[in-house]
Amino acid sequence: MNLKWKKLLAAAMVSTLLIAVTGCGSTKSAEKSGPDKVIIGQSSWIGFAPLYIAEEKGFFQKHGADVKIQAIESKTDSKTALAADRIQGVSTDISTQVMNAAAGIDLVQILALDTSAGGDGIVAKKNFKTLEDLKGKKVALDTTGGADYFWFQYLLQKKGMSLKDFDVQNMSAGDAGAAFVAGKVDAAITWQPWLSKAEKTPFGHTLMDSTASPGVIVDTFAMKKSYLKDHPKVGKAIVAGWYDAINYMKSNPDDAIAIIAKRIGEKPENVKAELHDVQFYDKAGNMKYFGSNNNGEFYEVTGIAAKLWKDLNLIDKNITAANIIDSQYLNAQ
């Protein structure tokens, strides 16, 4: 190769390299200026429904976050996904957030989503009227954790009772409801639609539902602290998107219900009925639940969950409510 061709080849290589470098630089710049990308996990529970609306209507994008919701029904799977950084946030009940924190996931709850207002309950045969009546009876319950397990333990502790007082049959909340309707157990701790289905049987009734203890079964949204540190605007974007979704549900109920029905695979009329069983926390509701100076009911319930799980040897760490709750994102606009 003569000197002329060598010079031409060298010039071409330099040009190609400059184009590649320039291209990379512009891509990074575009990524940096665009909305932060984040994946959050949640089950199909109706209490998380406004997040679908926020994603569908572009509310998260409007506030600066590109949020993708990943369906994860199992609490164990969502914990694993958080630990492995496959998701950066999760919607679940307070007691499960405590368990995740005790498992070494450095998370913080930044938003209260909903409280069960009759959506969870204890169904039993009609001859059983109180918790005490169920002693020694077959009771279906998910003993792996979760809202209903926490709620039942909370109720038992108030009564000076424990799981040892019952013949507990371990199964998921949905399977527990199905087992009761099929007449295989004397009682079940479950949720809608199984409460309604139990009421329609000739032998069953709702012995108690979550309206008896408002503010105890509460779902929250939590994110990994490391992610929030690197992406500080995402926390506020998600909170603001949630507020927008709550407002949209009030102003455009039919479209909101249609979006939810599509995402969770339910008929709109069923979604409409199920929405009566939850109470969503809007901005004012969050402000009240968080309280000021770490003295809101949020801190109290988180503390109860932490103590209960530790007393039952389900966690081996002391979890302090203030370490896994952060109110700085609540004033998002």
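I began with Tyr 289 and found that this residue is buried, with a relative accessible area of 3%; I note at the outset that I am reading a predicted model. I then turned to Tyr 281, which is also buried, at a relative accessible area of 8%.

I looked up how the two rings meet: Tyr 281 and Tyr 289 form an aromatic pair with 5.0 Å from centre to centre and 35° between the planes, and the pair is tilted. Following the ring pairs outward, I arrived at a cluster that links Tyr 281 and Tyr 289 with Phe 290, Phe 298 and Tyr 299.

I next checked the total for the structure, which is 12 aromatic pairs. Among them I picked out Trp 242 and Phe 280, whose ring centres are 6.1 Å apart and whose planes stand at 70°, an angle over 60 degrees, so I entered this pair as edge-to-face. Because Trp 242 belongs to helix H10 (residues 232-251) and Phe 280 to strand E11 (residues 278-280), the pair ties together parts that lie 38 residues apart in sequence. I also recorded that both Trp 242 and Phe 280 are buried.

At Trp 194 I looked for a charge and found the charged end of Lys 197 sitting over the ring, 4.1 Å from its centre.

Finally I went to the strands, where E6 (residues 138-141) and E7 (residues 167-170) run parallel and are joined by four bridges. Taking Leu 141 as an example, I traced its bridge partner in E7 to Asn 170. With helix H6 (residues 147-159), strands E6 and E7 make a β-α-β unit, which I noted as right-handed.

How values were computed. Residues are numbered from 1 along each chain as its sequence is written. This is a predicted model: local features need pLDDT of at least 70, side-chain atom pairs count only at pLDDT 80 or more; totals for chains, interfaces and linings use all residues. Side-chain values use heavy atoms; hydrogens and water are left out. Two strands pair if DSSP finds at least two bridges between them. Helices (H or I, at least four residues) and strands (E, at least two) are DSSP runs, numbered from the N terminus. A crossover is right-handed if, with the strands pointing away from the viewer, the path from the first strand over the helix to the second runs clockwise. Rings of Phe, Tyr and Trp (its six-membered ring) pair if their centres lie within 6.5 Å; planes under 30 degrees apart count as stacked, over 60 as edge-to-face and the rest as tilted. Buried means under 20% relative accessible area, exposed over 50%, partly exposed in between (1.4 Å probe, protein chains only). A charge sits over a ring if NZ of Lys or CZ of Arg is within 6 Å of the ring centre and within 35 degrees of the ring normal.
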